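These are my notebook entries on a single structure. I set out what I looked up, entry by entry.

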Amino acid sequence: MKLTISVLKADIGSIGGHLKPSRAVFEEVKNFVAARSKGLLIDYYISSTGDDIAILCTHTLGTGNAKIHQLAWEAFQAGTAVAKKTGLYGAGQDLLKDAFSGNVRGLGPAVAEMEIEERENEPFIFFAADKTDPGAYNLPFYLAFADPMYCSGLILSPKMSQGFKFRIIDVSYTEKTRVIELVAPEELYDIAVLLRDTEKYVIESIWSRSTGNQAVAISTQRLHNIAGKYTGKDDPVAVVRVQGEFPATGEILAPFNIGHYVAGFMRGSHIGPLMPCRLNTTVSYFDGPPVVTGAAFSVKEGRLSEPVDVFDHPYWDFVRSQIAQKASEIRRQGFCGASMLPFSELEYGGVVEKLKQLDQKFVLVD
Ligand code: MG
């Protein structure tokens, strides 16, 4: 059957700063979706990562469907009302426009969707990251889908030996959607050239070359491109199909043991290591470190199994303690150099005003 998996996610307010949505806000979103799901959704799963709430749902209406997007938009609005009433921090911060206009793209919430032909058994992983941006997935998914050092299936599985197609989006171009399609392994170096620049080029989707089927969908919204100023980080979600013609679950997870440095962390203005954490993990140290969680599902005729927490295993405790060390190391140099984002990424913050003032005090001397 043709099935659509949609994830819509927003930060609509949290407790004690940017830590976690309150139970009341979470329940409001959940109850709203439950009440409105009849005849629209086959199944759904509501979760939080850091200060974000995500609505994962299955249906048969295709991607970008107005009814599905409106349901999420109104659920986030209902949650925002509770957040405002109870004085949560940043209430409604990701809802950048007042009115729904047929599709939440461009309104603030992050969206990752794919329409698939459901396989006989259909396992997938839902990733949610907080205190970072969509480029955070560039490295792990490049390694999982294009590098046999991480994905042994590329050399062991005949279904995968033709490689994968990467659809990469230029997120700095805001007039329209500007994309390029490149294939691995032939264009590996071209893919790497783009993906190294995580603030400009972001993987939007990945496709199997042997079957033409979509493996990955990532939210690629840039909030400051929409709002014209810094509003919060773009905290990306992703849906990744696994097994069969796609990498195994463990091959997708493997590159997350790097704890690679990503943009985000405190005030969305720093560099920190991406830490794979248990579901519903909050943020803490320096409003971070940037966190990614993963829930694995099987789906049958659109019905979701219970989630399995992919980073809830003793192995990842070891990884987390190594990554915590990386976080401490880069924080030791405070504001200086590589620990903070380049000026081009800070241009929507207060630092611009400060630099304008200082600029007038510069004098030219011989
Ligand atoms: Mg967030």
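**Entry 1. Metal site**

I began with the magnesium ion in this predicted model. I found the magnesium ion coordinated by the OD atoms of D51, D52, D130 and D235, at 2.0 to 2.7 Å. I wrote the spacing of the donor residues in sequence as D-D-x77-D-x104-D. I noted that D51 sits in the loop between β2 (43–49) and β3 (52–59), while D235 sits in the loop between α6 and β10 (237–241). This pair links distant parts of the chain, 184 residues apart.

I then asked whether D51 is buried or exposed. D51 has a relative accessibility of 1%, so I recorded D51 as buried. D235 is at 3%, and I therefore entered D235 as buried too.

**Entry 2. Largest pocket**

I next looked up the pockets. The largest pocket has a volume of about 670 Å³. Of the 29 residues that line this pocket, I listed R105, I169, T177, T220 and Q221 as the closest to its centre.

Which elements supply at least two residues of the lining each? I noted β4 (110–117), β6 (164–170), β8 (201–208), β9 (214–218) and α6 (223–227). The largest share comes from β4, which gives five residues. Sorting the lining of the largest pocket by class, I obtained nine nonpolar, 10 polar and 10 charged residues.

**Entry 3. Cavities**

I searched the whole structure for cavities of 30 Å³ or more and found two. I recorded a volume of about 50 Å³ for the largest cavity. Its lining consists of Y45, S47, S48, T49, F126, F127, A128, L279, N280, T293 and A295. Each of β2, β5 and β14 supplies at least two of the lining residues, and β2 gives the most, with four. By class, I counted six nonpolar and five polar residues in this lining, and no charged ones.

**Entry 4. Aromatic pairs**

F127, which lines the largest cavity, led me to the aromatic rings. I found 17 aromatic pairs in the structure. In one of them, F127 and F311 form a tilted pair, 6.4 Å centre to centre with 40 degrees between the planes. F127 belongs to strand β5 (residues 122–130), and F311 to the loop between β16 (308–309) and α8 (314–331). The two residues are 184 residues apart, and the pair links distant parts of the chain. I found both F127 and F311 buried.

I then examined F265 and F286, an edge-to-face pair at 5.2 Å centre to centre, with 85 degrees between the planes. F265 is in the loop between β11 (261–264) and β12 (270–273), and F286 is in the loop between β13 (275–276) and β14 (291–300), so this pair ties together parts that are 21 residues apart in sequence. I compared the accessibility of the partners. F265 is buried, at 1% relative accessible area, whereas F286 is partly exposed, at 24%.

Which residues do ring pairs link into a cluster? I listed F127, Y137, F141, F256, F311, Y315, W316 and F318.

**Entry 5. Charges over rings**

I looked up charged side chains over ring faces. R331 lies over the face of F286, at 3.8 Å from the ring centre. K326 lies over the face of Y261, at 4.6 Å from the ring centre. I noted that F286 thus appears twice in this notebook, as the edge-to-face partner of F265 and under R331.

**Entry 6. Backbone**

I checked the peptide bonds for the cis form. The bond from A184 to P185 is cis, with omega near 10 degrees. P185 is located in the loop between β7 (179–184) and α5 (188–195). I also found a cis peptide bond joining G288 and P289, with omega about -10 degrees. P289 is in the loop between β13 and β14, the loop that also holds F286.

Lastly, I looked for positive phi values in residues other than glycine. I recorded F265 with phi near 60 degrees and R267 with phi near 55 degrees. F265 lies in the loop between β11 and β12, and R267 is placed in the loop between β11 and β12 as well. Buried or exposed, I asked of R267? The relative accessibility of R267 is 64%, so I entered R267 as exposed, whereas I had entered F265 as buried.

Definitions and conventions:
Residues numbered from 1 in each chain as written. Predicted model: local features only at pLDDT ≥ 70, side-chain atom pairs only at ≥ 80, totals over all residues. Heavy atoms only, no water. 1 Å grid on protein atoms, 1.4 Å probe; cavity = no way out; pocket = protein on both sides within 12 Å on 5 of 7 lines; lining within 4 Å. Points joined across faces, edges and corners; volume = space filled by probe spheres on them. Nonpolar A, V, L, I, M, F, W, Y, C, P; charged D, E, K, R; others polar. Donors = N, O, S within 2.8 Å, 3.2 Å for Na, K, Ca; no water. Buried < 20%, exposed > 50% of the residue type's maximum accessible area, 1.4 Å probe, protein only. Phe/Tyr/Trp six-rings, centres within 6.5 Å; stacked < 30°, edge-to-face > 60°. Lys NZ or Arg CZ within 6 Å of the ring centre and 35° of its normal.
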